[in-house]
Number of protein chains: 2
Amino acid sequence: MKRIVVVGGGAAGIGAAGAAKQTDRSADVRVYTDFEDVGYSPCGIPYVHGREISNFPALILQSKEFYEEAGIDVHYSTRVTQLDLDRNRVMVEGEGDVGYDALVLATGFEYEPPGVPGSDLEGLYYVKNIRRAMVWDEILDEAKRAVVVDATPLGLEMATALAHRKIETHFVDPHPWLLAEAGDPDILKPVEDSLVELGVQMHLRTRVEAFLGDGKLAAVRTSDGEIPADVAVVCTPKQPNNVLARRAGVSIGSTGGLIVDEKMATSRAGVWACGDCAELPHAVTRVPIQGLTGSHAYAQGKVAGSNAAGGGRAYRPVYVPWGMAAGKWMIGGVSFGETLATALGIPFVMGVAEGISRARYFPGAMKIRVKLLAEPDTLRLIGAQIVGGEGVKERADFLGMAVYTGITIPDLAWMENVYSPAIGALNEPIALAAQNCLASLGR
Amino acid sequence: MKRIVVVGGGAAGIGAAGAAKQTDRSADVRVYTDFEDVGYSPCGIPYVHGREISNFPALILQSKEFYEEAGIDVHYSTRVTQLDLDRNRVMVEGEGDVGYDALVLATGFEYEPPGVPGSDLEGLYYVKNIRRAMVWDEILDEAKRAVVVDATPLGLEMATALAHRKIETHFVDPHPWLLAEAGDPDILKPVEDSLVELGVQMHLRTRVEAFLGDGKLAAVRTSDGEIPADVAVVCTPKQPNNVLARRAGVSIGSTGGLIVDEKMATSRAGVWACGDCAELPHAVTRVPIQGLTGSHAYAQGKVAGSNAAGGGRAYRPVYVPWGMAAGKWMIGGVSFGETLATALGIPFVMGVAEGISRARYFPGAMKIRVKLLAEPDTLRLIGAQIVGGEGVKERADFLGMAVYTGITIPDLAWMENVYSPAIGALNEPIALAAQNCLASLGR
């Protein structure tokens, strides 16, 4: 009987375990996780804090019995401390040496340490584990003032959540606009405005210099003065948790992620990796990237687990359609926007338009701003960004497929679109942006 | 100065006039319309009747001054009675002979006559003109019981509207399910259920045999008994209004629509046609179709008007993404579903899945059922149908482009998708349907 060991119980690890079992019903599939639970959605935690979802148990997607019945042997609260890849063994706290035939690393991410004095104070919250989140939710009940550190996607979600919860919320980020490493300023401006409307106090172009307090957080010192605070939610960028793999000699890439090929195989035979601990080349730029979404982690896990069990699946190059709710808007896109493309030196032509989500007279019709980037010669779509009131996820999925298949600006400019007052406007905003791109080129 | 005459002031005619003027600023662009108004959205009328939109003026998109300022000379309430294509003249009631250099026919549609006794009674409502709609809205204030004849898209909208308005609504259609000429039974079943929930009384598999009454409608006689009614909303299929063109010798196709080429040119030199009066081959089946949407009419109008003014634009083959709100659901699709493909003898393989629109724990998450049809050999997508709670229009647009560009089931099965609890689920329903299609084929 083949033994497949999966290290990590998040979306990638659980996806891998399920696919391994599906591929080889006879395999002994074992998952080690540091945590008390698997099978819940950590992505939902900010919305429970924000009271948009009523309670934490709602985030639990599968019971422990479900995995037992599926023949997946999950070892909870069990740390793997070392990998011995030459002998095909993992060292497990409380279990000793455990042999494997195939190993899947799904060790996830850590938040980048803030790297300033006072980072060890009580009162700093890193959103991750659901049990810690339940404890923190009670702390938030007592909190009067909070600082959210870094305008990452999680930072946006947590600032929105705390403001919904009527906590005095300060949002601190060193960049001139929100989500500056991924988003364009015109796309994020409505989000910023809506957060201000919700009562969030913005501190952009501002660095966190220290967390202050005597054992417990009392204030955050920034480059622009002190902000008294009971809680700081640290939403620094995610970085791959590569500790075990690096020590065991698995090749690590420039982002800190484990290098994998299209089979999700690492540099070491019999060792696969998936999810936030791995890095992959972006399909357009070929630049390695990490820290994608739960959907990516789950899909990568399925490929890695299937192959670990003897399958031959390939994971496709990633174009990264993305999207999220932020303030009262939705934002999203694919690949990159104007700012990142410029920073990367990628030549592009562009079209921007503001359209609407339904007939303008229909209740609930909302603005949608679409920005399309294309290769100058071929006019093939290479990137997009969107901000709007509805339909952003579906448009980002569409544009992700458009980049993948080589759809061009003229294809989009004269696309057929659904028109029906309650659900779509006469002119699709994507088509309007493409038409504006053509017009700017004199075509 | 070139004179361009446009007959018809709907979306096609107004689109044509605007594009003609844009293409040739010096042209004399004249629009003749039988009606008192242009520049409003007739598609919004059912929603005002249903009180989802508060009033009729909300449907007015452009003022009469707007067209004056744009240099478009609209002759309101002015009938064109005859075309003399040999002499490049149109006969206009009250104006006599009017010469033209280019002619655009945008004469729209008529409802198929019910063809049963009593069709001339007072109390039969054909939804079309906004001024008539205002009068009818007051009649509906007094109405106790209404019959909606035919489960066409308009029939669905009007049945929903009357039910919203708490009028006792009877929905009569000869087919075994709603929208039977375009939609599949499994897609329409939730819509039927939700209409029943709204209080609509369904009379499927039932034919209207006569409208009964003494001058004014009192009841509708059907193959399944009499239904007392104050009002009958006649939502029979749309047919091209081809009277002027046919008499003038313009070639008419099998649907009754004017035959046009990809430039929207008719069989007669210097005469273009667009919108509901024209027919076009469906891009997949090559079967001529007519009676598309306002968005198609407007886009066709722009091509026809531009070419009438000397341009050289082409209109693309149509794949017809469509969508609408119906009951408490949205439905939509592209090209055809299972039923129509079978009726047309088109070979296909299929995949169906039921997914969700957001994380299942997120408030407002709703079911989405997606059905995909593909060519058996190549697995290229050729059709789709969707019913769901949100995001149907955007998915139909996406799938329309997918059919147009030759995207395959494997492309869709392993597509990247946006995942964020508030706006999208871990697994995109389109991908799930494609995966199920592959699974059914043993791939």
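**Chain contact and a five-stranded sheet**

Me: In this predicted model, how many residues does each chain bring to the contact?
Reply: The contact draws on chain B and chain A. The model is a predicted one. Chain B gives 53 residues and chain A gives 53 residues.

Me: Which element gives the most to the side of chain B that touches chain A?
Reply: Four elements of chain B each supply at least two residues there: helix H8 (294–308), strand E22 (321–326), strand E23 (329–334) and helix H10 (392–405). With ten residues, the one that gives the most is H10(B).

Me: How many residues of that side of chain B are nonpolar, polar and charged?
Reply: The side in question is the one that touches chain A. Its charged residues number nine and its polar residues 13. The nonpolar residues number 31.

Me: Which are the edge strands of the open sheet of five strands in chain A?
Reply: The order is E22-E23-E26-E25-E24, with antiparallel pairing. An edge strand pairs on one side only. That holds for strand E22 (321–326) and strand E24 (349–356) of chain A.

Me: Which residue of E23(A) stands opposite A:Ala325?
Reply: E22(A) and strand E23 (residues 329–334) of chain A pair in the antiparallel sense over six bridges. Opposite A:Ala325 stands A:Met330.

Me: What angle does helix H6 of chain A make with E23(A)?
Reply: Helix H6 (residues 185–197) packs on the sheet. The helix touches E22, E23, strand E25 (367–374) and strand E26 (381–388) of chain A. Its direction makes an angle with that of E23(A) of about 155°.

Me: Which helix of chain A lies across E24 and E25?
Reply: The helix runs at about 140° to E24(A). It spans residues 429–440 of chain A. This is helix H12.

Technical notes: Residues numbered from 1 in each chain as written. Chains lettered and ligands numbered in written order. Predicted model: local features only at pLDDT ≥ 70, side-chain atom pairs only at ≥ 80, totals over all residues. Contact = placed C-beta atoms within 7 Å. Nonpolar A, V, L, I, M, F, W, Y, C, P; charged D, E, K, R; others polar. Pairing = 2+ DSSP bridges. Axes fitted to C-alpha atoms, helices over the stretch in contact; angles between N-to-C directions.
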